[in-house]
Amino acid sequence: MKRICLFILLLCLLFTGCVPQAPTVQEPEEAVQAADALQIHYIDVGQADSIFLRCGESTMLIDGGNVEDSDLVVSYLLEQEVTKLDLVVNTHAHEDHVGGLPGVLAVFEAGAVWCPVTEYSSSCFEDFARYADQQYLALVRPEPGTTYELGTAEVTVLGPVKDYDETNDTSIVLRVDHGANSFLFTGDAETAAEKDMLDYGMDVSATVLKVGHHGSDTSTCYQWLREVSPQYAVIQVGEGNTYDHPHETVLSRLRDAGVTVYRTDLQGHIICTSDGETVSFTTNKNAPVTNPTEKVEYFIGNKNSKKFHLPSCSGVPKLENQVPLMGYDLAVAFGYTPCSICLK
Ligand SMILES: [Zn+2]
Ligand SMILES: [Zn+2]
């Protein structure tokens with residue numbers, strides 16, 4: 001009997017020893033992944049766009065600058081010890097976005113190529129399509145809402161949500177989320193496309209906005225900027241360009257929205273690093289960044305027309321007809337409608 005009791009006791013001890021315990025050590029793989037920073041290189045290609053992203057081992061290129069920028073982009077990527085690009089995106093078929101990509105595809109193996117169109121009548125686009133084809137890659141137009149894993153970051157397609165005749169509006173618009181930070185890449189999407197994405201209900205909020213169309217006033221409408229609500233903006237623009245980009249309207253809109261602005265014509269290559277919680281910037285030129293004024297939180301209403309304006313708008317009514325309105329939502333709640341010039 002004594003021996004049986006001892007045997008049961010032993011069995012019990014053995015059994016409790018085998019009960020799986022809750023793991024107390026974090027899986028090493030998870031720890032490594034959480035530490036993966038996201039680096040975004042806004043390459044200074046003058047009056048054009050080219051952006052390189054890396055998160056852990058994953059790499060991505062959005063646009064390749066003009067044809068003449070091809071060597072610069074390729075050597076920039078080689079300096080970064082890039083051997084393969086997992087995803088290459090051509091936002092739209094204009095030369096200042098697709099021009100450098102044939103050279104890139106001639107050197108680097110790509111995993112996938114996204115583009116809003118499969119045909120476009122220009123020699124640089126045809127070269128781009130040919131080099132993609134040489135790698136047996138189809139030009140894929142991603143549907144809005146498509147997601148793509150870039151290491152621990154996630155890429156989401158926000159646009160285009162419609163078909164457009166205007167090539168700029170066909171721009172593929174992407175949001176990249178990395179922990180608490182998000183980054184918006186807009187190509188040259190103009191106000192029509194911006195408004196359509198908002199109407200579609202896309203979440204466009206972002207920590208860092210790549211300003212649409214090199215800072216042209218045909219993009220970055222007030223409503224768009226209000227929804228994106230960025231802390232930082234990057235403008236890819238060439239010094240002394242013939243379009244007068246970036247336009248003063250856009251710069252003042254960014255100032256009023258309390259956004260710190262980096263520009264490739266002033267700061268050169270702009271590198272933004274996200275650790276998932278904060279973002280930091282390094283640049284290869286020392287020009288001071290454009291710091292914002294106080295964020296404008298008040299508007300001026302017209303008690304007769306029931307319209308409301310930014311204080312800087314030319315449409316602000318005479319003093320006797322002015323009503324101060326402390327906040328956009330409040331103005332709307334009081335039955336005022338936004339001015340179609342300053343708050344379009
Ligand atoms: Zn364009
Ligand atoms: Zn452009």
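**Strand pairing, helix packing and backbone geometry in the predicted model**

Residue G159 finds its bridge partner in β11, where it is matched with V173. This pairing belongs to a predicted model, in which β10 and β11 are joined in the antiparallel sense over 5 bridges. On the preceding side, β10 is joined to β9 by 4 bridges, and these two strands likewise run antiparallel; within this pairing, L150 has A153 of β10 as its bridge partner. The hairpin formed by β9 and β10 has 2 residues between the strands, and G151 adopts a positive phi near 60° there. Of the 7 residues of β10, 5 are buried, so the strand is largely enclosed by the rest of the structure.

These strands are part of an open sheet of 7 strands with mixed pairing, ordered β9-β10-β11-β12-β13-β14-β15. The edges are formed by β9 (147-150) and β15 (260-263), each of which pairs on one side only. When direction is ignored, neighbouring strands of the sheet are turned against each other by 20° on average.

Helix α7, spanning residues 191-199, contributes the buried residues T191, A193, E194 and M197. Viewed down the axis of α7, the buried residues fall within an arc of 165°, so they line one face of the helix. Such an arrangement can be read against the general geometry of the α-helix, which has 3.6 residues a turn, so that residues three or four places apart point the same way. The buried residues of α7 pack against two strands of the sheet described above, β10 (153-159) and β11 (173-178), and also against helix α8 (222-228). Just after α7, G201 takes a positive phi of about 85°.

A second open sheet comprises 8 strands in the order β8-β7-β5-β3-β2-β1-β16-β17, again with mixed pairing. Its edge strands are β8 (139-140) and β17 (279-283), each pairing on one side only. Within this sheet, strand β3 (residues 58-62) and strand β5 (residues 87-89) run parallel and are joined by 3 bridges, and I62 has V89 of β5 as its bridge partner. Helix α3, which covers residues 70-79, contains L72. This leucine, L72, counts as partly exposed because 19 C-beta neighbours lie inside 10 Å, whereas a buried residue requires 20 or more. Although L72 and G100 are separated by 28 residues in sequence, their C-alpha atoms are 8.8 Å apart in space.

Several features of the backbone concern peptide bonds and phi angles. As a general background, most residues other than glycine have a negative phi, and most peptide bonds are trans. Two cis peptide bonds occur before proline: the bond from G159 to P160 has an omega near 5°, and the bond from H245 to P246 has an omega near -5°. P160 is placed in the loop between β10 and β11, so that the cis bond begins at G159, the residue whose bridge partner in β11 is V173. P246, in turn, lies in the loop between β14 (232-235) and α9 (248-256).

Positive phi values are also found in residues other than glycine, including S229, with phi near 45°, and K306, with phi near 60°. S229 is located in the loop between α8 and β14, and it is partly exposed because 15 other C-beta atoms lie within 10 Å. K306 lies in the loop between β18 (299-302) and β19 (307-309), and with 13 other C-beta atoms within 10 Å this residue is partly exposed as well.

Taken as a whole, the protein chain contains 11 helices and 21 strands, and buried residues make up 45% of its 344 residues. Among contacts with a separation of 6 or more, 65% are accounted for by residues 24 or more positions apart. The average pLDDT of the chain is 90, and 90% of the residues score at least 70. Over residues 8-34, however, the pLDDT is below 50, and this stretch has 2 contacts in the model beyond near neighbours in sequence. Where pLDDT is low, the predicted coordinates should not be read in detail.

Conventions
Residues are numbered from 1 along each chain as its sequence is written. Chains are lettered from A and ligands numbered from 1 in the order in which they are written. This is a predicted model: local features need pLDDT of at least 70, side-chain atom pairs count only at pLDDT 80 or more; totals for chains, interfaces and linings use all residues. A residue is buried if 20 or more other C-beta atoms lie within 10 Å of its own, exposed if 12 or fewer, and partly exposed in between; C-beta atoms are placed from the backbone. The arc is that of the directions from the helix axis to the C-beta atoms. Two residues are in contact if their C-beta atoms, placed from the backbone, lie within 7 Å. Two strands pair if DSSP finds at least two bridges between them. Axes are lines fitted to C-alpha atoms, for helices over the stretch in contact, and angles run from 0 to 180 degrees between N-to-C directions. pLDDT is the predictor's confidence in each residue, from 0 to 100.
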